[in-house]
Amino acid sequence: MSAVAASSTASVPRPRLRFGALWLAVPGLLFLAVFFAWPVAQLLGLSFVDNETGAFSIGTYQRIAATDVYVRVLGITFRIAGWTAFWSLLIGYPLAYWIARMPDIFRGRMLLFVMVPFWTSYLVKTFAWMIVLGRSGIINSLATGSGLVDQPLPLLHNEFGVMVGMVHAMVPLAVMTMLPVMTGIDRRLVQAAQTLGASPARAFWLVYFKLSLPGVAAAGLLVFISSLGFFIVPAFLGGRQQTMLAQLIITQVQELLNWSFAGALAAMMLAAALISCWAYDRLFGISTIAGGSAQSSQGRLRDLGLVVLGVIGTAAAKLSGAANAILGKRACAAMLPAFCWLVIGFLVLPTLLVIPLAFTSSQFLEFPPPGFGLSWFRTYFDSPLWIQATIRSFIVAFATALAATAIGGFAALALANSRTRWSGLIFAFFLAPMIVPRIVIAVGLFYLFARIGLIATDLGLIIGHTVLAIPFTLVTIAAVLKTYDQRLDQAAATLGANRVRTLTGVTIPLVQGGLVAAFLFAFITSFDELTIAIFVSGGIKTTLPKQMWDDMILQLNPTLAAVSVVVLVVVTAMLLLAERLRSSSRTT
């Protein structure tokens with residue numbers, strides 16, 4: 001009997017590690033491992049290397065801790081990022097709530113007022129605020145011309161200017177992150193709470209706001225992490241007292257070639273981002289960033305949160321009752337739409353003010369323009385430098401969109417068809433380039449590309465932009481696949497189609513709207529990208545944003561306004577097309 005049992009046991013094959021559909025994600029995993037994880041790991045490793053001896057050392061961190069300047073810059077960076085997250089949530093939550101309550105047809109139209117500012121280049125938005133807030137800018141011209149003030153107000157090159165620019169850039173991100181969670185909340189729950197005797201204000205805080213907290217926390221997380229790596233806004237709208245960590249990293253790499261110190265600064269920025277992500281994942285689950293369901297928090301933290309919300313709800317109910325008694329219900333009901341339209345004006349108007357300046361007949365930037373003409377557009381189109389940068393941006397963006405859509409599409413398909421324990425880890429890895437500050441990725445790629453000869457090449461730009469675009473394509477295609485009926489693939493397999501035939505003949509045609517939308521989002525991501533271009537272009541293969549950056553450092557001129565209009569037209573056209581295709585793919 002023992003011999004028979006032994007032979008039968010030996011004949012049973014050993015279980016193999018099976019990934020199933022996850023094999024489709026392997027190309028993307030390899031790409032990100034080589035061009036994302038490895039460069040970032042190398043950069044962090046350099047922070048423990050002595051520049052002179054090449055030996056292991058923690059001297060760089062000791063120098064940072066012992067130098068007041070660096071400690072102060074760290075404090076400035078975290079303070080500005082924290083306040084940016086706070087004001088972005090405070091301004092963005094009512095707008096997201098207002099849009100979420102709209103019918104689907106109106107919601108899509110109103111969302112464009114948020115999407116266009118979100119995808120508009122940071123350079124264009126910063127250039128717009130320089131025109132609005134400058135000593136001879138629009139606000140000061142109106143204030144001094146009307147006699148409200150005698151001297152121009154100090155609105156630029158201080159913390160006020162930085163906060164205005166950063167909040168303006170981050171409010172759309174906060175709204176777009178909170179909106180998927182809010183649209184998934186069943187409104188009948190609030191109505192049920194009111195039926196049981198709760199006031200509207202108390203029902204909102206204890207039911208709706210509590211259910212929207214994962215979206216609020218995700219928005220705060222993404223805004224905080226994105227703000228840590230900002231350098232465009234503080235460079236142009238701030239002064240020396242608003243120097244942020246990313247600016248120090250750029251200086252250490254480009255001017256001092258101190259890789260060890262740059263790596264240490266990057267490590268501290270990355271540590272702050274990872275700690276924030278870890279805390280968020282423990283509370284809500286990292287998948288809620290992409291619109292997934294939140295895990296419920298338990299224990300004392302949850303009880304404390306309910307107590308706080310109860311106090312806020314009671315106070316809000318009393319305040320709401322007093323406001324209704326003084327102003328009337330109609331006036332109180334109009335306050336939310338009025339506030340939201342003010343926020344939309346804050347997001348849209350500064351960029352629109354650049355348009356008339358592009359058609360000015362003046363040699364200088366002045367508002368309103370003394371006359372109109374096309375001379376600055378002729379200057380742009382007659383300049384070989386600008387045209388070459390524009391053509392290169394289109395070529396790099398097109399190649400980036402192809403690569404990112406293919407990688408993100410296969411990864412989304414793999415995750416949609418897999419139910420293994422590896423899915424969450426793989427999803428987090430693909431989302432990581434959205435979490436890690438861009439400046440860290442850019443410096444890591446610069447160090448890697450310098451060693452393999454990809455600096456000042458179009459291929460280097462394409463690879464770097466693809467790393468940044470993959471999370472956007474993955475999230476876009478994954479959202480479309482959530483509504484895709486998997487039984488169609490099963491029916492095709494039943495009729496004899498293999499997996500390749502099913503993919504090309506059934507799956508791709510049915511989700512092609514989402515694929516094209518992902519392609520266009522990746523195109524916009526690359527077309528507007530500056531951080532990678534600053535390091536990888538090498539000053540030779542300049543893109544349109546890089547050329548704008550170089551000109552803005554030297555002098556503001558109407559040519560920049562003309563270029564900003566070109567960028568705004570391209571981005572808006574791509575965005576409108578992407579949203580139309582994505583919405584059509586959902587309806588089908």
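This text describes an internal cavity and a helix pair in a predicted model.

The cavity is considered first. A search of the whole structure finds 1 cavity of 30 Å³ or more, and the volume of the largest cavity is about 40 Å³. Its lining is formed by Tyr122, Lys125, Thr126, Trp129, Gly165, His168, Ala169 and Val233. Two helices, α6 (122-133) and α8 (159-183), each contribute at least two residues to this lining. The largest share, 4 residues, is supplied by α6. In chemical terms, the lining of the largest cavity comprises 4 nonpolar, 3 polar and 1 charged residues.

Helix α6, which provides that largest share of the lining, also packs against another helix. The axes of α6 and helix α7 (residues 138-145) come within 4 Å and cross at roughly 15°. Angles under 35 degrees count as roughly parallel, and α6 and α7 are therefore roughly parallel to each other. On the α6 side, the residues that meet α7 are Ile131, Val132 and Leu133; their counterparts in α7 are Ile138, Ile139 and Asn140. The residues of this contact divide into 5 nonpolar, 1 polar and no charged.

Helix α6 thus links the two parts of this description. Tyr122, Lys125, Thr126 and Trp129 are among the residues lining the largest cavity, while Ile131, Val132 and Leu133 in α6 take part in the contact with α7. The cavity lining includes 1 charged residue, whereas the contact of α6 with α7 has no charged residues.

Terms used. Residues numbered from 1 in each chain as written. Predicted model: local features only at pLDDT ≥ 70, side-chain atom pairs only at ≥ 80, totals over all residues. Heavy atoms only, no water. 1 Å grid on protein atoms, 1.4 Å probe; cavity = no way out; pocket = protein on both sides within 12 Å on 5 of 7 lines; lining within 4 Å. Points joined across faces, edges and corners; volume = space filled by probe spheres on them. Nonpolar A, V, L, I, M, F, W, Y, C, P; charged D, E, K, R; others polar. Axes fitted to C-alpha atoms, helices over the stretch in contact; angles between N-to-C directions. Parallel < 35°, antiparallel > 145°, perpendicular 65-115°, else oblique. Contact = heavy atoms within 4.5 Å.
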